[in-house]
Amino acid sequence: MSDEDIDLSDCPEITPEMFASTVVRRGLPATKAKTQVTLPIDSDVLEWFKSQGRGYQTQINQLLRAYMEAHQ
């Protein structure tokens with residue numbers, strides 16, 4: 001099948017405005033409400049998490065959640 005053979009009549013064309021308002025979620029489950037905080041973290045700990053690549057803040061949150069759940 002070629003691109004020309006695909007029926008797109010029921011799919012509206014995405015406008016630049018629609019695209020600009022999208023939210024990219026890379027396979028993450030729906031998040032609970034988050035609260036932004038400022039807290040001191042040892043520099044070497046933060047640098048280690050950052051060195052793990054994208055999503056280091058999510059990793060920190062997941063570790064804190066696991067700790068919380070283990071101590072309830």
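This passage walks through the helices of a predicted model, how two of them pack, and a few side-chain pairs.

Starting with the overall layout, the chain contains three helices and zero strands. Read from the N terminus, the order of elements is simply α-α-α. Not much of the chain is tucked away: of its 72 residues, 3% count as buried.

The packing of α2 against α3 comes next. Two packed helices are described by the angle between their axes and the distance between the axes. Here, helix α2 spans residues 43–51, while helix α3 covers residues 56–70. The two pack at an angle of about 115 degrees, and their axes lie 8 Å apart. As for handedness, α2 and α3 make a right-handed crossing. On the α2 side, the contact is made by L46, F49 and K50, which meet Y56, Q59, I60 and L63 of α3. Sorted by character, the residues of this contact come out as five nonpolar, one polar and one charged.

Y56 deserves a closer look. This residue sits in helix α3, and, leaving aside residues up to four places away in sequence, Y56 touches L46, F49 and K50. Y56 and L46 are 10 residues apart along the chain, and their C-alpha atoms are separated by 8.8 Å.

F49, one of the α2 residues in that contact, also turns up in the aromatic pairing. The count of aromatic pairs comes to one. The ring centres of W48 and F49 are 5.1 Å apart and the ring planes stand at 80 degrees; planes over 60 degrees apart count as edge-to-face, so the pair is edge-to-face. F49 has a relative accessibility of 12%, and because the cut-off for buried is under 20%, F49 counts as buried.

Turning to charged side chains, these can pair when they carry opposite charge and their charged atoms come close. A search of the whole structure turns up one salt bridge. The partners are E69 and R65, whose side chains meet at 3.8 Å, N to O. Both belong to helix α3, and because E69 and R65 are four residues apart there, about one helical turn separates them. What about their exposure: are E69 and R65 buried or exposed? Neither label quite fits, as E69 has 48% relative accessibility and counts as partly exposed, and R65, with a relative accessible area of 32%, is partly exposed too.

Technical notes
Residues numbered from 1 in each chain as written. Predicted model: local features only at pLDDT ≥ 70, side-chain atom pairs only at ≥ 80, totals over all residues. Heavy atoms only, no water. Phe/Tyr/Trp six-rings, centres within 6.5 Å; stacked < 30°, edge-to-face > 60°. Buried < 20%, exposed > 50% of the residue type's maximum accessible area, 1.4 Å probe, protein only. Salt bridge = Lys/Arg side-chain N within 4 Å of Asp/Glu carboxyl O. Axes fitted to C-alpha atoms, helices over the stretch in contact; angles between N-to-C directions. Left-handed = near helix turned anticlockwise from the far one by under 90°. Contact = heavy atoms within 4.5 Å. Nonpolar A, V, L, I, M, F, W, Y, C, P; charged D, E, K, R; others polar.
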